[in-house]
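Biologist: I should like to understand how this protein chain is put together. May we go through it step by step?

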Amino acid sequence: QVQLVESGGGLVQAGGSLRLSCAASGIIFSRNAMGWYRQPPGKQRELVAASTGGGGVTNYADFVKGRFIISRDNAKNTVYLQMNSLKPDDTAVYYCHAAPNLATMGYQGYWGQGTQVTVSS
């Protein structure tokens with residue numbers, strides 16, 4: 001049984017930082033691309049950042065480039081999202097996602113239950 005469990009969300013003031021974690025089980029973690037998506041209130045889910053299985057290739061949405069960093073520890077089956085310089089527009093439910101590779105991100109794989117991030121102005 002595959003489980004992706006996010007943690008680290010919460011309430012933060014604009015300009016602050018948060019670090020999200022996603023612990024995976026039931027998959028061969030190092031063989032999966034991992035990504036973070038978010039769904040702002042009233043909007044569709046969107047890709048924030050993604051990483052290949054080995055972590056050597058990462059992709060970022062333009063709206064987080066230079067502020068967010070995705071990383072992974074394959075020994076701990078965990079992927080992280082370091083979020084800096086947070087803005088109120090970053091308020092969303094953040095989801096962890098595992099996919100066979102970057103090309104299938106969002107179309108195949110597994111999802112976590114989500115963690116709420118709220119940025120106050």
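The conversation below takes up the overall fold, the disulfide, the cores and the strand pairing in turn.

Biologist: How many helices and strands does the protein chain have?
Modeller: Please note that this is a predicted model. Read along the sequence, the pattern is β-β-β-β-β-β-β-β-β-β-β. The count for the protein chain is therefore zero helices and 11 strands.

Biologist: What radius of gyration does the protein chain have, and what would a compact globule have?
Modeller: The C-alpha atoms fill a box of roughly 40 × 25 × 25 Å along the principal axes. For 121 residues, a compact globule would have a radius of gyration near 14 Å, and the protein chain agrees with this, at 13 Å.

Biologist: What share of the residues of the protein chain counts as buried?
Modeller: The accessible surface comes to about 6,100 Å², and 47% of it belongs to carbon and sulfur atoms. A residue is called buried if its relative accessible area is under 20%. Of the 121 residues, the share that counts as buried is 43%.

Biologist: Which residues form a disulfide?
Modeller: A search of the whole structure finds one disulfide. The two sulfur atoms are 2.1 Å apart, and a pair within 2.5 Å qualifies. One partner lies in strand 3 and the other in strand 9, 74 residues apart, so that distant parts of the chain are linked. Both partners are buried, and they are Cys22 and Cys96.

Biologist: Is the disulfide of Cys22 and Cys96 left-handed or right-handed?
Modeller: The handedness follows from the torsion about the S-S bond. This torsion is about -80 degrees, so the disulfide is left-handed.

Biologist: Which residues have the most contacts inside the largest nonpolar core?
Modeller: In soluble globular proteins, nonpolar side chains tend to be buried together. Here the largest nonpolar core has 26 residues, and strands 3, 4, 5, 7, 8, 9 and 11 each supply at least two of them. Another core, of six residues, lies apart from it and includes Ala33, Ala50, Tyr95 and Met105. In the largest core, the residues with the most contacts are Trp36, Leu81, Met83 and Tyr94.

Biologist: Which residues does Ser7 touch, not counting those up to four places away in sequence?
Modeller: Ser7 lies in strand 1, which covers residues 3-7. With a relative accessible area of 38%, Ser7 is partly exposed. Strand 1 pairs with strand 3 in the antiparallel sense over five bridges. Beyond the excluded neighbours, Ser7 touches Arg19, Leu20 and Ser21.

Biologist: Is Ser21 buried or exposed?
Modeller: Ser21 lies in strand 3. Leaving aside neighbours within four places in sequence, its contacts include Val5, Ser7, Trp36 and Val79. The relative accessible area of Ser21 is 18%, and the limit for burial is under 20%, so Ser21 is buried.

Biologist: Which residue in strand 8 does Ser21 stand opposite?
Modeller: Strand 3 and strand 8 run antiparallel, and six bridges join them. The contacts of Ser21 include Thr78, Val79 and Tyr80. The residue that stands opposite Ser21 in strand 8 is Tyr80.

Biologist: What is the bridge partner of Leu4 in strand 3?
Modeller: The pairing to consider is that of strand 1 with strand 3, which is antiparallel and has five bridges. In strand 3, the bridge partner of Leu4 is Ala24.

Conventions
Residues are numbered from 1 along each chain as its sequence is written. This is a predicted model: local features need pLDDT of at least 70, side-chain atom pairs count only at pLDDT 80 or more; totals for chains, interfaces and linings use all residues. Side-chain values use heavy atoms; hydrogens and water are left out. A nonpolar core is a set of buried Ala, Val, Leu, Ile, Met, Phe, Trp, Tyr and Cys residues joined through side-chain atoms within 4.5 Å. Buried means under 20% relative accessible area, exposed over 50%, partly exposed in between (1.4 Å probe, protein chains only). Helices (H or I, at least four residues) and strands (E, at least two) are DSSP runs, numbered from the N terminus. The radius of gyration is taken over C-alpha atoms; the globule rule is 2.2 Å times the number of residues to the power 0.38. Accessible areas come from the Shrake-Rupley method with a 1.4 Å probe; for residues, only the protein chains shown count as cover. Contact means heavy atoms within 4.5 Å. Two strands pair if DSSP finds at least two bridges between them.
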